[in-house]
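Colleague: Please take me closely through one part of this model, the side chains that pair up, and then set it in the whole. I am new to it, so gentle steps would help.

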Amino acid sequence: MAEKTVTLISDDMSKRIIDTAAFMVTAHGASSITVRKILKELDITNRVFYNRFHNIDEVLEIVYRDTILKIRESITKFDPKKDFFTQAADIVADTLIMSYDNKMQFNDYVFRNDSISKDNYEWWRSEIKKLLIFAVDNGLIKNVDCDVLSYSIWCFCRGYNADAVGRKLPREEAVANFKYSFGIFLDGMRK
């Protein structure tokens, strides 16, 4: 017997469900979001929800992906006419702030369902490498292996963020400590 294929609806209500879930994640964290809470918040029925999504994890995946894409935008604001080192520190700090908040909201969800980690990892490595190549080509930093260094920066940022989130450091303290440490790291790369 052939399995029945279900075509889900994608419309304004779908967007309202996603937006409501995103708001609820920001306010209460992903682990507290349920279909029932979304139904109550929007005053809709099970049928309305399940005609658009298979389950709550599908909605959270969309919210999580949208958040990751917003975080990625921080690195694309690089201006080659401005001071490389100041921008590098600011970009990394901005990314830390956004990802710190994101991980606090999605902490349990990320550990259970991080389905885009490979894509996210490859995207960040590529973008970091572009900045490093720019800095080497313009004589701003020592001649370095951009592949190895992009991986190291990725690990440094992720590891710091994971530890700060896991220990529940206040965001301001985490950012200040990170900017200090990353500043020393950047100074070591100067030509």
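**Paired side chains**

Modeller: Happy to! R167 is exposed, with a relative accessible area of 54% (over 50% is exposed, under 20% buried and in between partly exposed, using a 1.4 Å probe and protein chains only). This is a predicted model, in which local features need pLDDT of at least 70 and side-chain atom pairs count only at pLDDT 80 or more, while totals for chains, interfaces and linings use all residues. Residues are numbered from 1 along each chain as its sequence is written, and side-chain values use heavy atoms, without hydrogens and water.

Back to R167: its side chain meets that of D163 in a salt bridge, 2.8 Å from N to O (a side-chain nitrogen of Lys or Arg within 4 Å of a carboxyl oxygen of Asp or Glu). D163 has 39% relative accessibility, so this partner counts as partly exposed. The model has eight salt bridges by this rule, and two others are worth following with me.

Look next at helix α4, residues 56–72 (helices are DSSP runs of H or I with at least four residues, strands are E runs of at least two, and numbering starts at the N terminus). R65 and E61 both sit in helix α4, four residues apart, about one turn of the helix. Their side chains form a salt bridge of 2.9 Å, N to O. R65, at 38% relative accessibility, counts as partly exposed, whereas E61 is at 14% and therefore counts as buried.

You can find a further bridge in helix α6, residues 117–137, where K130 and E127 are three residues apart, about one turn of the helix. The N to O distance between the side chains of K130 and E127 is 2.9 Å. With 48% relative accessibility K130 is partly exposed, while E127 is buried at 14%.

Now for the rings. A search of the whole structure gives 15 aromatic pairs (rings of Phe, Tyr and Trp, the latter by its six-membered ring, with centres within 6.5 Å; planes under 30 degrees apart are stacked, over 60 edge-to-face and the rest tilted). F49 and F53 make a tilted pair, at 5.7 Å centre to centre and 40° between the planes. Both F49 and F53 are buried. F78 and F84 have ring centres 6.0 Å apart and planes at 75°, so their pair is edge-to-face. F78 counts as buried at 18% relative accessibility, and F84 counts as buried at 6%. Elsewhere, F156, Y160, F178, F182 and F185 come together in one aromatic cluster.

Finally, step back to the setting of these pairs. The chain has eight helices and zero strands. Its C-alpha atoms fill a box of roughly 65 × 40 × 30 Å along the principal axes, and 39% of its 191 residues count as buried. The average pLDDT of the chain is 85, and 91% of the residues score at least 70 (pLDDT is the predictor's confidence in each residue, from 0 to 100). Confidence is highest in helix α2, residues 35–42, at a mean of 95, and lowest in helix α5, residues 84–113, at 76. As a reading tip, predicted coordinates should not be read in detail where pLDDT is low.
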